[in-house]
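Me: I'd like a close look at a single part of this model, a packed pair of helices. Please start with the chain as a whole, then take me through that pair and its surroundings.

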Amino acid sequence: RLFTTRGWAATGMRDIAREAGVATETVYAHFGSKTGLLQKVIDIAVVGDEAAVPLADRSQFAALGQGSRADRIAAAAKLVTEVNTRTAGFAKVIRQAAPTDEEMAETLEATRGRQRRDVAAGLALLIGRTPTAAERDGIWALMSHEVYLLLVESSGWSPEQYEAWMAETLESVVPSE
């Protein structure tokens, strides 16, 4: 909460420790650094719980390859909406910190790489084949935090409106099998 309400620079480890009701040393002992803490928080936010199971190994992800095309598209729209809803604020924090913090710049690049790989794997499930680079990158851009934030935060859409739009848009842009 502190990262997303105050931003990267204005959130210190002391603030986090105070909010958690623990000593600052305890936070450092568990996470090593402010970047380490943010990375752990983001990992939890991506999947929605503390289980050490990557997104690509979860049933919600597997649903992208099950059922009719409409079912798979709906599953993709639901999944991307859930992930973006939980993580968009953190994406802003990472982008804010990256220009002045080398470790956060590396985190931003690693995050984008992981997102791109997850989109490629999810799209492969949706279409039943390995997507082309252009297909992967187009869907990756469409599902980005930036688009989510433009529509939900800047334009005032509800997550439900975003999910419906995402399903409709995916139906028209995801190639057939």
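Reply: **The H6–H7 pair in its setting**

Happy to. Of the 177 residues in the protein chain, 39% are buried. Please keep in mind that this is a predicted model. The fold is built from 10 helices and 0 strands, so read from the N terminus the order of elements is simply α-α-α-α-α-α-α-α-α-α. The C-alpha trace spans about 55 × 35 × 25 Å along its principal axes. The radius of gyration is 17 Å, which agrees with the value near 16 Å for a compact globule of 177 residues. As for the surface, the chain exposes about 9,400 Å², and 54% of that comes from carbon and sulfur atoms.

Now to the pair itself. Helix H6 covers residues 69–97 and helix H7 covers residues 102–127; they pack at an angle of about 175°, with axes 12 Å apart. Since an angle over 145 degrees counts as roughly antiparallel, H6 is roughly antiparallel to H7. On the H6 side, the contact is made by Arg 72, Ile 73, Ala 76, Ile 94, Arg 95 and Ala 97. H7 contributes Met 104, Thr 107, Leu 108, Thr 111, Arg 112, Leu 125 and Leu 126. Sorted by class, this contact has 8 nonpolar, 2 polar and 3 charged residues.

Asp 71 is worth a stop here, as it also lies in helix H6. This residue is partly exposed, with a relative accessible area of 45%; that follows because the partly exposed class lies between 20% and 50%. From Asp 71 to Leu 126 the C-alpha to C-alpha distance is 9.6 Å, while in sequence these two are 55 residues apart. Leu 126 is itself one of the H7 residues in the contact with H6. For the chain as a whole, take the contacts between residues at least 6 apart in sequence: 60% of them join residues at least 24 apart.

A second pair makes a useful companion. Helix H2 (residues 13–20) and helix H3 (residues 24–31) have axes that come within 8 Å and cross at roughly 105°. H2 is therefore roughly perpendicular to H3. Met 13, Arg 14, Ile 16 and Ala 17 of H2 meet Thr 24, Val 27 and Tyr 28 of H3. By class, the residues of this contact divide into 5 nonpolar, 1 polar and 1 charged. With both pairs on screen, you can set the angle of about 175° for H6 and H7 beside the one of roughly 105° for H2 and H3.

Methods: Residues numbered from 1 in each chain as written. Predicted model: local features only at pLDDT ≥ 70, side-chain atom pairs only at ≥ 80, totals over all residues. Heavy atoms only, no water. Axes fitted to C-alpha atoms, helices over the stretch in contact; angles between N-to-C directions. Helix = DSSP H or I, 4+ residues; strand = E, 2+ residues; numbered from the N terminus. Parallel < 35°, antiparallel > 145°, perpendicular 65-115°, else oblique. Contact = heavy atoms within 4.5 Å. Nonpolar A, V, L, I, M, F, W, Y, C, P; charged D, E, K, R; others polar. Rg over C-alpha atoms; globule rule 2.2 N^0.38 Å. Buried < 20%, exposed > 50% of the residue type's maximum accessible area, 1.4 Å probe, protein only. Areas by Shrake-Rupley, 256 points an atom, 1.4 Å probe, with all protein chains shown as cover.
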